[in-house]
Amino acid sequence: MNTISVSGKRLIDEYGRERIFNGINFVYKEVQKDSDGVIRYKTELTEELIVSLRKKGINIIRLGLTWAGIEPEMGVYNTQYLDSYKKVLEMCEKHEMYVFIDWHQDLFSYFCSAPGDGAPEWACIHTKKRRDPRFIWAEGYFFHKDIHKSFDSFWENEEINGRGLRDRFCDMLTFTVDYFKDLKCIMGYDVFNEPFPGTPGGEIFRRLVKNGIETVAFNKRVDRKGLFADVRKKDIMAMLSVADDPKVYHKIIDSANELLFEFDVKRYYPFLVAAAEAIRKVDKTGIIISENCYYSNLGIPSSVPRIVYRDGSREENHIFSPHGYDITVDTPLTNNASSHRVDFIFDEHKRTQERMDVPVLVGEWGGMVPGSEEYPALEHLIDKFDSNKWSQTYWHYYSDFENTKIMDIINRPLPVAVAGEIKKYSFDRREKLFTLTYTGSSDIKAPTLIYLPSEPKKVYSTKKYKYKDNILSVYAGKGECIVKVEL
């Protein structure tokens, strides 16, 4: 497999070709507790499925692991759990499927709230009672003080048995990366899923709700208990309609900027540096992947800096992996998702990319349920990613996903490896026309590779080409290259 690294805002291979990745999330959160109290985790990514996905243009997987699965007892690593994933990784390598490891968490831990995942029970040092959600899975972030305190203790590196909690997490990172270090399919490391601010996160939510209600003149008194119960569906629909205006939406979320900046710079960033240093102890070249805070999924600006280590050196193999969801996702109003709101979110992520000067691999987006009517919103977003030259991993795989309408949207023509620098590429679904323009380099001794979901009807190229097994190979030297493919 080609070695992938960072050059400016581009991902490149060892030939110097610009690379674009098209992928999906596999994050198994379902846990089973044996009669002896041992927690078991499911891993169902089979070789047959990997082969099927490769045939449909998927060339990267975001693979979720949890701290609880790796270190169920303090200082004791579960190699049986890691071996189960090592087998998956070996299958991915066999079929040239790239992977980036995601140390996943939601609501800090399974032991804090359903349907949480992440930290082991021993790391939940302030959790008094596991609480199940009443309305939506994420409400623990908004109201559950035990979850807030658990995050606080993590970011503050509170000691447990003489060592900081954050330091113990970094020890786990080092052990895991070392365990998988010989696998060439691992492109990089996503060190923490959707970092949540802890106690300030509760205040951010209250500000967003208050500002949202005031902004759309939604004249109801809202308190913690009545937030969902007292609001009628027609009122929510009215609010969503008003919030479809980007100016209004910006005004709603603007109230949280100051608190989120404080978290990004003073809590999350120091952890990110420490986590990258832990990985670099055993892997000097794998790509370090940083995400935005949970609330930046809504479009609140991320203020996390480019990684600079404590010795003053800058991490060169660093990419930004933003997440973004419309406010209706994970609610009964999913079919009211707005392209205007998701545009706002990912335009903000684009500004973060420009500030950081790194490539983007969108880690999570979409989140539509089976049978969703919002396919145009998904098409809109995937086209936006292509216009930005962004790689992506859709959230998420579920049974028979490869035969869904969503898979048809993701399974599009894509420049997999370009022998030069991409200027632009796009796919017109109505005309079934793919276009790629790039500046070729005579120093690159490997062809441009374009994935096509079906055999082309017509190909126009300024350079020689050949087609075989869903791959169009273009042999180009120096200068502008144009390729057009009609499917």
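Q: What counts as a helix or a strand in this structure?
A: Helices are DSSP runs of H or I with at least four residues, strands are DSSP runs of E with at least two, and both are numbered from the N terminus. In this predicted model, Pro 115 sits in the loop between strand S8 (98–103) and helix H4 (139–143).

Q: What makes the peptide bond from Ala 114 to Pro 115 worth a look?
A: That bond is cis, with omega near -5 degrees. Most peptide bonds are trans. Another cis bond joins Trp 395 and His 396, where omega is about -5 degrees. His 396 lies in the loop between strand S17 (391–394) and helix H14 (405–410).

Q: Why is Leu 272 called buried?
A: Buried means under 20% relative accessible area, and Leu 272 has 0% relative accessibility, so Leu 272 counts as buried. This residue belongs to helix H11. Beyond its neighbours within four places in sequence, Leu 272 is in contact with Val 191, Ser 290, Val 304 and Ile 307.

Q: How do you know that Asp 264 has no salt bridge?
A: A salt bridge needs a side-chain nitrogen of Lys or Arg within 4 Å of a carboxyl oxygen of Asp or Glu. For buried Asp 264, the nearest side chain of opposite charge is Arg 355, at 6.7 Å, so the cut-off is not met.

Q: What polar partner does the side chain of Asp 264 have?
A: A polar atom of that side chain lies 2.9 Å from the backbone nitrogen of Ser 303. The cut-off for a polar contact is 3.5 Å, so this pair falls within it. Asp 264 is in helix H11 (residues 257–280), and it also touches residues including Cys 293, Pro 301 and Val 304.

Q: How is the packing of helices H6 and H11 described?
A: Two packed helices are described by the angle and the distance between their axes. The axes of H6 (residues 165–179) and H11 come within 8 Å and cross at roughly 35 degrees, and the crossing is right-handed. Among the residues that meet are Phe 169 and Leu 173 in H6, and Phe 271 and Ala 275 in H11.

Q: Why is Lys 432 called partly exposed, and Asp 469 exposed?
A: Exposed means over 50% and buried under 20%, with partly exposed in between. Lys 432 has 47%, so it counts as partly exposed, while Asp 469 has 62% and so is exposed. Both are non-glycine residues with positive phi, near 55 degrees for Lys 432 and near 50 degrees for Asp 469. Most residues other than glycine have a negative phi.

Conventions. Residues are numbered from 1 along each chain as its sequence is written. This is a predicted model: local features need pLDDT of at least 70, side-chain atom pairs count only at pLDDT 80 or more; totals for chains, interfaces and linings use all residues. Side-chain values use heavy atoms; hydrogens and water are left out. Buried means under 20% relative accessible area, exposed over 50%, partly exposed in between (1.4 Å probe, protein chains only). Lys and Arg count as positive and Asp and Glu as negative; His and the chain ends are not counted. A polar contact is a pair of N or O atoms within 3.5 Å; within protein, one must be able to donate a hydrogen and the other to accept it, and residues adjacent in sequence count only if both atoms are side-chain atoms. Contact means heavy atoms within 4.5 Å. Axes are lines fitted to C-alpha atoms, for helices over the stretch in contact, and angles run from 0 to 180 degrees between N-to-C directions. A crossing is left-handed if the near helix is turned anticlockwise from the far one by less than a right angle, and right-handed if clockwise.
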